[in-house]
Each structure stands twice: as C-alpha cells, then as structure tokens.
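Please open the model in your viewer and keep the sequence panel beside it. The tour below moves from one selection to the next and says what is to be found at each stop.

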Amino acid sequence: MVVQQHILNWLYSVLTSEYHDVNRTYNDVAQVLSQYPSLSPRTDVHTFPNGASALLVHLSGTLPVVFRGTTYRFPISVWVPHAYPKEAPLIYVTPTENIMVRPGQHVDPQGQVYHPYLAGWSTYWNKSTILDFLAILRDVFAKEPPVIARPPQGQVRSPPPPQQQQQPQPPQAPPVPPLPQELAARSPAPVPSPVQQDAARPPPPPPKPGVPAAAPIPQHQPSPAPSYAAAPPTYEPIRRFPQTRSLSLRCSSASTSSPDSTTTAAASSTTPWRAIPITSSGARHPSA
C-alpha cells in the first residue's frame, strides 16, 4: 500500500531534529507503514527503565496474525530510538479494555517483547530492520497468542480454597448385641447401692411410753478455727472480802451496884474471853 505523501513529509521533518541516521530510519519506517497500513506514526514521550525520557517516533496499531485458521489483530506499539539502526526498537503488546496481556516465553507481564533477534540487534544492526522483525513476531504470536479475553466484572472466579486433609478416624467398636431371653431370665438382679438401701429402709418405730428414748449418737464436729480478729475474752475481777477488826470486851475493874455484878465477876474470872470479829458495818461475822 502506498503511504500518503504528507505523512512521509511529516516523518522526514521529525527525524531530522533528533535522529542520528535520518535516511536509514526514514526508509525502514516507510516500508513498515507501506506493508502494515494498520499501523500509524506519531511522536510520543517514552520513559526508559532508567528514568530518562525522550520524544520518539511511535508506531501504534494492530498486527495481523493467523491463529488456527483465523486472522486476529493483536495490538502492538513500536518505539524507534534516536540511535536507530544501531539500537534495536522497543516492541510492546498494548492491551485494551476487553483483552489483557498473556505472559509467555517472549512477552513479560508488562507486555514488553523479548526475542533473540532483538538481543543480537547491536551486532547485526546493518542487516536488521523493523520490517523483518515484525514478520518473525507474527510467527511467534501464531504459536503463542500474546493476549487473552478479559473476563467480565463480577465473574472473576477466585481460586478454590485448599482442601483440608481429613484425619482418619479410629474404627468404632460394633454395638453389643442383647442377651437371649433364656440368659436374660437367669441374669442376677442388680445389687442396690448403699444410698438406695438407706432410702428404701423404713424409719425406726417411736419409743414406748415410760421408756426413755435412746440418745442420739453425737456426731463429731470440727471445732471452729480461732478468729484473731475477734475481741479478747473478758474475765470477772477478783472479789476481796471486807477487812475485819477484832473487838475485845473487857470488864471494868470497878463493879457496879447491880445485883448481878458478883455473878458476872465470878463468871468472868472462870470463863476466858475471846475476840469477836466485827465487820466494818458493825454486824457480827457469821462465824462468831
């Protein structure tokens, strides 16, 4: 296909400003546009992996590829560096809204194309052209398509969770079969427990009239632990008896004129006197 003249004029004017080999670059790009009319030229800013950027000639469009008898058009972009043809062009697969990059042997997840032809470009730069490499790339894409259809939103299947390994359970013992009727009739009756025997035992009879009831057996109860927080015990004060005093009764030496004075004197001379204890209140002590 013949390329329009105004496009060729624009291309030549762009190459004269920055490119080292203008004539070689112009011829190779013009041949690509003539062979693949699906590609269109323009200038864009390209950022290299080292962070540097430059205004390069950019060929963008689709590359027709026959895959299993059907022609597919895979979107690509070709960046021509300023040092072309001594430097190899940069080829990328550019996905759209409906397709996504399919990484493979010659395409990385970012869509950049790798091939031995590009790796040896600097050695055989005088024999390498963009047109020849696009022919090789069509054969590569015919075996390994660089793109796949993008699944619609909401239908993206998440990977199934890993299946948990079920641990083998130990075999359960079979149920015990019931005894035959003959053996079941001969089986001894179950022995009641002491608690059941006490519950079934009747209470003791009431005591007969006139016979004292037996005292219940006292049960030992643990003494409570002493509480140190309680108040100390109180003791009754010691009682003291009142002090006593002895009062001695003496008879006066002078006798009175009483008729019994002689008798009293005689009695006093024969009977000894003893002390009579008297309390402080004047009463006699009970022992007197």
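**Starting at Y117**

Select Y117 to begin: this residue lies in helix α3, and the model in which you are viewing it is a predicted one. With neighbours up to four places away in sequence set aside, Y117 touches K127, S128, T129, D132, F133 and I136. If you display C-alpha atoms, those of Y117 and I136 are separated by 8.7 Å, although the two residues stand 19 residues apart along the chain.

Add W121 to the selection and show both side chains. Y117 and W121 form an edge-to-face aromatic pair, with 5.8 Å from centre to centre and 80° between the planes. W121 has a relative accessibility of 0% and therefore counts as buried.

**The aromatic pairs**

How many aromatic pairs does a search of the whole structure find? The search finds seven. Select F74 and F141 for another of them, an edge-to-face pair whose centres are 6.0 Å apart and whose planes make an angle of 90°. This pair links distant parts of the chain, since F74 belongs to strand β3 (residues 70-80) and F141 to helix α4, 67 residues apart. Both F74 and F141 are buried. Now extend the selection to F67 and Y72, which ring pairs link with F74 and F141 into a cluster.

While ring systems are on display, turn to W125 and show K86 with it. K86 lies over the face of W125, at 5.6 Å from the ring centre.

**Helices α2 and α4**

Next, colour helix α2 (residues 22-35) and helix α4 (residues 130-143), which pack at an angle of about 40° with their axes 8 Å apart. Because angles under 35 degrees count as roughly parallel and those from 65 to 115 as roughly perpendicular, α2 and α4 are described as oblique to each other. To see the contact itself, show the side chains of Q31, V32 and Q35 on α2 and of I130, L131 and L134 on α4. The residues of this contact divide into four nonpolar and two polar, with no charged residue among them.

**From H46 to Y92**

Move on to H46, whose place is in strand β1 (residues 39-47). Is H46 buried or exposed? H46 counts as buried, because its relative accessibility is 7%. Beyond the residues up to four places away in sequence, H46 touches A52, S53, A54, L56, W79, L90 and Y92.

Follow that last contact to Y92, which is placed in strand β4 (residues 90-93). Y92 has a relative accessibility of 19% and so counts as buried, the cut-off being under 20%. Leaving aside its neighbours within four places in sequence, Y92 is in contact with H46, P75, I76, S77, W79, G111, Q112 and V113. For V113, one of these partners, the C-alpha atom is separated from that of Y92 by 5.6 Å, with their positions 21 residues apart along the chain.

**Three stops in loops**

Select P103, found in the loop between β5 (99-101) and α3 (116-119). P103 has a relative accessible area of 48% and is therefore partly exposed. Setting aside residues up to four places away in sequence, P103 touches D108 and P109. The C-alpha atoms of P103 and P146 are separated by 6.8 Å, while the residues are 43 apart along the chain.

Then go to P85, whose place is in the loop between β3 and β4. Check the peptide bond that joins Y84 and P85: this bond is cis, with omega of about 10°.

The remaining loop residue is R68, found between β2 (53-67) and β3. Its phi is near 55°, a positive value in a residue other than glycine. R68 counts as exposed because its relative accessibility is 76%.

**Zooming out**

Finally, return to a cartoon of the whole protein, in which there are seven helices and eight strands. Buried residues make up 24% of its 288 residues. Of the contacts with a separation of 6 or more, 52% are accounted for by residues 24 or more positions apart.

Key:
Residues numbered from 1 in each chain as written. Predicted model: local features only at pLDDT ≥ 70, side-chain atom pairs only at ≥ 80, totals over all residues. Heavy atoms only, no water. Axes fitted to C-alpha atoms, helices over the stretch in contact; angles between N-to-C directions. Helix = DSSP H or I, 4+ residues; strand = E, 2+ residues; numbered from the N terminus. Parallel < 35°, antiparallel > 145°, perpendicular 65-115°, else oblique. Contact = heavy atoms within 4.5 Å. Nonpolar A, V, L, I, M, F, W, Y, C, P; charged D, E, K, R; others polar. Phe/Tyr/Trp six-rings, centres within 6.5 Å; stacked < 30°, edge-to-face > 60°. Buried < 20%, exposed > 50% of the residue type's maximum accessible area, 1.4 Å probe, protein only. Lys NZ or Arg CZ within 6 Å of the ring centre and 35° of its normal.
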